[in-house]
Amino acid sequence: MKVKGHLADMVLCLHDQNPRIASLAHLFVDELARKPTNPVYNLLPDLLSSLSQDSEVSPQMFQDIMRELLRHIDKERQADSLLERLTGRFAGVDSVDQWRDVAFCMAQLPPSDKALKKLAENFKLFSHTLVDDQVADCFLQLCSKAKKLAKPDAPTRVSAEALEARIAEKRPQQKTKEQENPESSVKEGTSEEEEGEEPEANEQDENAENQNLNIVEEVMATKARKESFGTRTKSRRGQVIR
């Protein structure tokens, strides 16, 4: 049996609801990837096209299948070659869904410095797709992965940061200041609430002061009554003695 004519149907079984069928499909792909020629690598572009255009394959199903297939691309030479081939796909594709599918596959591959420089050279081929957030996020994931794998002063890190800057320039600035910094709006709301609470606090202070004044006045009045009562008593005593 020739693999090329049936592989698209076989990989769909990776997402089969029957656990046994799904397990056998995983085993088949693993054995296929161990072959010296690695048919999985050679047939990946065709598989991508077939699955991406299949209306019965959901985005999540597509990603699960392609993630399983792409984990078998572990050689730098193959990953670099596949990244370059996938980059060329954007030139002839107008569908946003297909942009996302291609970009997702690229984000699963381990990028080298050579691959990042090639992406920078072919930036015009995919720059128009960066208006979509999902596509842009996939390219940023690719750059982030490259920086994690590279040493601090390695050329790969420099290439990744340069590509990140170009991607950031192309992304549409649709977010408002409030969306970009939601904490500031929360703080402003809190300060407004605090300002609204100040009059109530002032009223409480005034009431407390009035109560204190009333108490003082009562004490002074009581003291005055006592003093006047003592004066009257002394005067009466003086009259009795006389």
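By contact I mean heavy atoms within 4.5 Å of one another, and I start there since much of what follows is about what packs against what. The model on the screen is a predicted one, and please keep that in mind throughout.

Let me begin with helix 2, which covers residues 19-33. What covers its buried residues includes helix 1, at 7-12, helix 3, at 39-52, and helix 4, at 59-70. The residues of helix 2 that are buried are Ala22, Ala25, Val29, Asp30, Leu32 and Ala33. They lie on the same side of helix 2, because the arc they cover around the axis is only 165°. As a reminder of the general geometry, an α-helix has 3.6 residues a turn, so residues three or four places apart point the same way. The length of helix 2 also agrees with expectation, because its 15 residues, at 1.5 Å a residue, should span 21 Å, and its end C-alpha atoms are 21 Å apart. At the start of helix 2, the backbone nitrogen of Arg20 has a side-chain oxygen of Asn18 within 3.0 Å.

Moving on along the chain, we come to the loop between helix 2 and helix 3, where Asn38 is placed. Asn38 is not a glycine, and yet its phi is positive, at about 45°. Is Asn38 buried or exposed? Asn38 counts as buried, because its relative accessibility is 6%, and the cut-off for that word is under 20%.

Helix 6, residues 96-107, is my next element. Its 12 residues should span 16 Å at 1.5 Å a residue, and its end C-alpha atoms are indeed 16 Å apart. At the start of helix 6, a side-chain oxygen of Ser95 comes to within 3.4 Å of the backbone nitrogen of Asp97. The buried residues here are Trp99, Asp101, Val102, Ala103, Phe104, Cys105, Met106 and Ala107. Which helices do these buried residues of helix 6 pack against? The partners are helix 3, helix 4, helix 5, helix 7 (113-121) and helix 9 (133-149).

Trp99, one of those buried residues of helix 6, is also touched by Thr129, whose other contacts, leaving aside residues up to four places away in sequence, are Phe90, Val135 and Phe139. Thr129 sits in the loop between helix 8, at 123-126, and helix 9. With 0% relative accessibility, Thr129 counts as buried, and a polar atom of its side chain lies 2.6 Å from the backbone oxygen of Phe126.

Now to the empty space. How many cavities of 30 Å³ or more does a search of the whole structure find? The search finds one, and the volume of the largest cavity is about 30 Å³. Its lining is made by Leu44, Pro45, Leu48, Met66, Leu70, Leu82, Leu86 and Cys105. Helix 3 gives the largest share of that lining, three residues, while helix 3, helix 4 and helix 5 (76-87) each supply at least two. Cys105 appears in this lining and is also among the buried residues of helix 6.

The largest pocket, finally, holds about 240 Å³ of space. It is lined by 16 residues, of which Val57, Ser58, Pro59, Asp97 and Asp101 are the closest to its centre. At least two lining residues come from each of helix 3, helix 4 and helix 6, with helix 6 giving the largest share, five residues. Asp97, as you will recall, is the residue whose backbone nitrogen Ser95 reaches at the start of helix 6.

Methods: Residues are numbered from 1 along each chain as its sequence is written. This is a predicted model: local features need pLDDT of at least 70, side-chain atom pairs count only at pLDDT 80 or more; totals for chains, interfaces and linings use all residues. Side-chain values use heavy atoms; hydrogens and water are left out. Helices (H or I, at least four residues) and strands (E, at least two) are DSSP runs, numbered from the N terminus. The expected span of a helix is 1.5 Å times one less than its number of residues. Buried means under 20% relative accessible area, exposed over 50%, partly exposed in between (1.4 Å probe, protein chains only). The arc is that of the directions from the helix axis to the C-beta atoms. A polar contact is a pair of N or O atoms within 3.5 Å; within protein, one must be able to donate a hydrogen and the other to accept it, and residues adjacent in sequence count only if both atoms are side-chain atoms. On a 1 Å grid over the protein atoms alone, a cavity is a set of points where a 1.4 Å probe fits but cannot get out, and a pocket is an open set with protein on both sides within 12 Å along at least five of seven lines; lining residues have an atom within 4 Å of a point. Grid points are joined across faces, edges and corners, and a volume is the space filled by probe spheres set on the points.
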